[in-house]
Every structure is written in C-alpha cells, then in structure tokens.
Amino acid sequence: MRGSNMQICVLNGSPKGETSVTMQYVRFLELANPDHSFVTRHISRKIVAIEKKPEEWEEICSAIRSADLILWATPVYFQHVPAQYKRFIELLLERNTRDLFAGKYAASLSTSVHFFDQKVHEYLQGISEDLGMNYAGSFSAAMNDLFEEKNQHQLVLFGMDILSACNEKRPELPAYPPLPTGSAKYTPGTISPVETHGKQVLILHDAGPGSNLEAMVRQMTCAFPDAKSVHLNETGMKGGCLGCCQCAFDNHCVYSDGFCSFWKSQVEQADIIIYAGSVRDRYLSASWKQFFDRSFFLGHVPRFENKQQVLMVEGPLARVPGLRENLTSLLGGGNLVDIITDEPKNPDFIDECIRSVVERAVQASLDGYKKPPMFPAVAGHIVLRDAVWGDLRPIFRADHRYYKKHGLYDFPQYQYRKRLSRFFFSLMMGFGPVQKKVKPMMSKHMVQSYARIFSESKVLKEAQRP
Ligand SMILES: Cc1cc2nc3c(=O)[nH]c(=O)nc-3n(C[C@H](O)[C@H](O)[C@H](O)COP(=O)(O)O)c2cc1C
C-alpha cells in the first residue's frame, strides 16, 4: 500500500528468530510495502533476556511506543502461541504496559499446518483488546502457502487491509469482553480418600502458595492419597521448545534436561492424570504452555492414549470459552472425565465436584471408558494424518512409523471393500426409476439395519443381564 509512511512493529513469536517460516511471510509483506517501515523484535528467541534485563525490555517498549501498527507474527505451537511468546504477553500485562499500546492498531499473522490455528488468532485478538488496541484482522497461512502466487496475492491484500485500517482509523468492534479479576476464596472441607484399585494417579500443577489452585490440589491429594503430585517446576524443564524439529526423526529432544525422562517415567506410566492450572490472561500459564510445547518431542502422535484425565482450573474459565475448547481438545487420545473450576462460590459444592470427579475417573479407568471424539478431534486427526502422510513425512519419520503401525492412516481410499460396494450402490442410485422408488423411503432405509443390532448385539444382552 502506497501512502504516508507508517511504522509496523513486528513481534516475532518464533523461537527460531530470523530463520523462521513465519518471518518469511513478514519479509514478503515488508518487500510488498516499501513505503512503510517494518521493525522486527525476536521476542521468543530473546525471552530470557527480555524478562531479566531492563535494557532489553526497554528497547522492546520503545519499538512498540514508536509504532503505528503492532503485528503479532507467530507460529502455532501446540494449538496456541509458543510458550516464550506467552510469557512475553504475561510480562506485558504484569508490567502494566497498556498505555504503550492503547489506541494503536494491531493484527496477527501465523504460519502452521492449520491445526487449531484459529485459537492463536482468537487469543491475540483478545490480548490486543485487553491492551486497548483496535484489532484489524488476522492472516493464518499454511507453511507452504507462499510458494503459490494466489496466496502471495492474498498476503499482499491482507497487508493493504491492515495498513489502511490503521491509516484511516477504521472502527473495529471488540469481540472479547474483559475478564473478571479475582475469585472467591476456596477453603476446602474434609474429603475422604477414594479407592484407586491400583490405578496410578499423577497430579500435575503449577499452584502458587496460598492460591485457590493450591487448595484444590491439596483436596485432590486427600482424595487420592497415593497420587504423585508434581509441580511443573519439578518436571525437569530448563527451557521452552526451540521449534528445531530435530526430534522428528527419532523422538529425541535436543535438550538433555530431564523432561523427557520425566515424561517417560511419570506421564506415560499414569492411568489417571489431573492437570491443575490457573487462567492467566486468556490461557493457562506460560509454564503450562512450555510443558505442552516440550511434549512435541513425541511429534504428532496421540500422547494420552488410554488415560483418564481431569482438568482443575482456577479462574474465570466460563468467561473464556475459547480456552475451554482449546483445553478440551489438547489432551489427545485420552478421555477427559470433567473440568472442575473454583468458579462456584460455595466451597462445599467444589468439594462435591472433586469427590465426584475422582470417583468417575477411577471407574472410567477400570471400565476403559472413552467418550467418542467430536468435531475438533475428528477434524484434527484428519488434518494431522494428511500432513504426516504428505509434506511432513520425510522429516517426521517417527510419526510416519507410528501412524503406519497404529492404523492411523485411515484414508477412505484404502477401504477397498467399502469402495467396491459404494461403487455399485452409487451406480444403482444413478437410475431415475430407482431414485423414484427410494426417495419416499429414505428415513426408513437409513435405520433399517439397526433392527439387526437390537436383536443380535452381545453387548446389549450383557447390559440387560440382571
Ligand atoms: C513444537 C511445535 C508445535 C507445533 N504445533 C502446531 C500446532 O498445534 N498446529 C499447527 O498447525 N502447527 C503446529 N506446528 C507447526 C508450525 O506451526 C509450523 O511449522 C510453523 O510454520 C513454524 O513456524 P516458525 O518456523 O516461524 O517457527 C508446530 C511446530 C512445532 C515445532
């Protein structure tokens, strides 16, 4: 877009700094807009210095201060922004930087394989609005989009749109109301222990001293006296995922800080896992995010297979439906028994919820119960399956082996018998006279085969047994 020079402050969320895929999209935008100045700060790569060194922090603040437009540019890591970026956003809110941002325009740009990419943009819009900015729009590119001219064209149009929003002071409607602060103090009552029948229980948390979360974790350990309760500080993590993807070959992480052995000895061995965290801005803490990102050493395989899982959340989860949706779909492969929060004002009611959820978790573990997947899990599986089979396969070799071994390549084109019967069925249905006969009986036909299930099902007979 031609016109008066504007300054765009790009806050790069990729821990790979300049050699990041996302940065190539930013570079393209920059080249397409020679009349404007792009100033990039590599947030995730430098997060430790930004947090610890006042001069680094001040330097970022001054780049933000001089900008007309803030561009959040980030890869999608584990259905959200990378942990290092999340920490930066926490710092922005902790250090009361609203005045730096208020009234400016913001936009977000991500690259990904389109697995929960929408969550990143919802989040960044919410954060932009929390910081008093006018959010002008998002652009979610697939990693390789830039190789096609039609996508390059769309990126140029996105750039024009956000620059003109900023230039013309376009009105932008906020989408995410501010979150309430503070919650009623939860003082737990007595709770009796639950028989676990030998099931291994792991409680993972990041509770701060004196918090409601700490009280909820304590209550959970009373219900599960044999459970292992581990603070995220004790999981061995010495830093965030670097996004280097070296683990893709053989599930071996470049860090040798003890996290992977913690995962193998504790997380993998557990039958029931309780995840306890607090709503921090519009997600859980950066430590939780780091925990999830670091599990990427396992690639794109469902890592919580056969586990019963409970989420225990401190904070206004009901006011952040996007977070609830994100957390629900995060724990791939396992069964989410329920989500407990400290939102009810009545502590006895919270105790009853905890008591009920631990009983249900044990029962579900004994029964091997798993709720059927819903749209996010079903669609997510297809996205990852196609990505692992396609572009990712040469590098994500461990994933490919796992997908082959565990039958996760469930493409319709492999179902030879079904394809054959569908072929003849479809041939028949192509004839007008057949269609005329079938149409009035459609509903009846659709349930016809279920009658056989009701009369023959062994499972039904078993359930009916007195
Ligand atoms: C640790 C990690 C987690 C990822 N998680 C997701 C994800 O949840 N959804 C997705 O679509 N892509 C995911 N990806 C793929 C990246 O979003 C994609 O490769 C992106 O282009 C990387 O950008 P960068 O080079 O700027 O870091 C993940 C990649 C890594 C390394």
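In the predicted model, residue L93 lies in helix α4. With a relative accessible area of 31%, L93 is partly exposed. Leaving aside neighbours within four places in sequence, L93 is in contact with I127, L131 and D281. L93 and D250, by contrast, are separated by 39 Å from C-alpha to C-alpha, and by 157 residues in sequence.

Helix α4 also contributes to the salt bridges of the model, of which 26 were counted. R87 of helix α4 pairs with E51 of helix α2 (residues 47–52), so this salt bridge ties together parts that are 36 residues apart in sequence. The closest N and O atoms of R87 and E51 are 2.8 Å apart. R87 is buried, with a relative accessible area of 18%, whereas E51 is partly exposed at 28%. A second pair, E325 and K119, meets through a salt bridge with an N to O distance of 2.5 Å. Because E325 belongs to helix α11 (residues 321–330) and K119 to helix α6, this pair ties together parts that are 206 residues apart in sequence. E325 counts as partly exposed, at 36% relative accessibility, while K119 counts as buried, at 3%. Salt bridges with shared partners further join E51, K86, R87, E90, E94, R280 and D281 into one network. D281 is also among the residues in contact with L93.

A salt bridge within a single helix is provided by R27 and E30, whose side chains meet at 3.6 Å, N to O. R27 and E30 are three residues apart in helix α1 (residues 21–32), and therefore about one helical turn separates them. Both ends of this salt bridge are partly exposed: R27 has a relative accessible area of 41%, and E30 has a relative accessibility of 26%.

The interior was examined next. The largest nonpolar core comprises 72 residues, and those with the most contacts inside it are L11, I64, I70, W72, F88, L204 and F291. Not counting residues up to four places away in sequence, I64 touches C9, L11, I70, F88, L100, F101 and K104. Another core, of 27 residues, lies apart from the largest one and includes V201, M216, I274 and I354.

I274 is also a residue of strand β8, where it lies on one side together with I272, A276 and S278. The other side of β8 carries I273, Y275 and G277, and the residues of both faces are all buried. This arrangement can be set against a general feature of strands: in a regular strand, the side chains alternate between the two faces of the sheet. Since seven of the seven residues of β8 (residues 272–278) are buried, this strand is largely enclosed by the rest of the structure. Strand β8 pairs with strand β6 (residues 201–205) in the parallel sense over five bridges. Strand β9 (residues 308–314) also runs parallel to β8, and seven bridges join the two. A276 of β8 is the bridge partner of H205, and the bridge partner of A276 in β9 is M312.

Two residues other than glycine show positive phi values. For N96, phi is about 45°. N96 lies in the loop between α4 (83–94) and α5 (98–101), and counts as exposed at 66% relative accessibility. For H114, phi is near 65°. This residue, H114, is located in the loop between β4 (105–112) and α6 (117–130). At 36% relative accessibility, H114 counts as partly exposed.

On the surface, M446, V447, Y450, I453, F454 and L460 make a nonpolar patch of about 640 Å². The elements giving two or more residues to this patch are α17 (442–448) and α18 (450–456). Helix α18 gives the most, with three residues. L460 is found in helix α19 (residues 458–464), and counts as partly exposed at 30% relative accessibility.

Note on methods. Residues are numbered from 1 along each chain as its sequence is written. This is a predicted model: local features need pLDDT of at least 70, side-chain atom pairs count only at pLDDT 80 or more; totals for chains, interfaces and linings use all residues. Side-chain values use heavy atoms; hydrogens and water are left out. A nonpolar core is a set of buried Ala, Val, Leu, Ile, Met, Phe, Trp, Tyr and Cys residues joined through side-chain atoms within 4.5 Å. Buried means under 20% relative accessible area, exposed over 50%, partly exposed in between (1.4 Å probe, protein chains only). Contact means heavy atoms within 4.5 Å. Helices (H or I, at least four residues) and strands (E, at least two) are DSSP runs, numbered from the N terminus. Patches are made of residues with over 30% relative accessible area and no salt bridge: like charges are joined within 9 Å, nonpolar side chains (Val, Leu, Ile, Met, Phe, Trp, Tyr) within 5 Å. Accessible areas come from the Shrake-Rupley method with a 1.4 Å probe; for residues, only the protein chains shown count as cover. A salt bridge is a side-chain nitrogen of Lys or Arg within 4 Å of a carboxyl oxygen of Asp or Glu. Two strands pair if DSSP finds at least two bridges between them.
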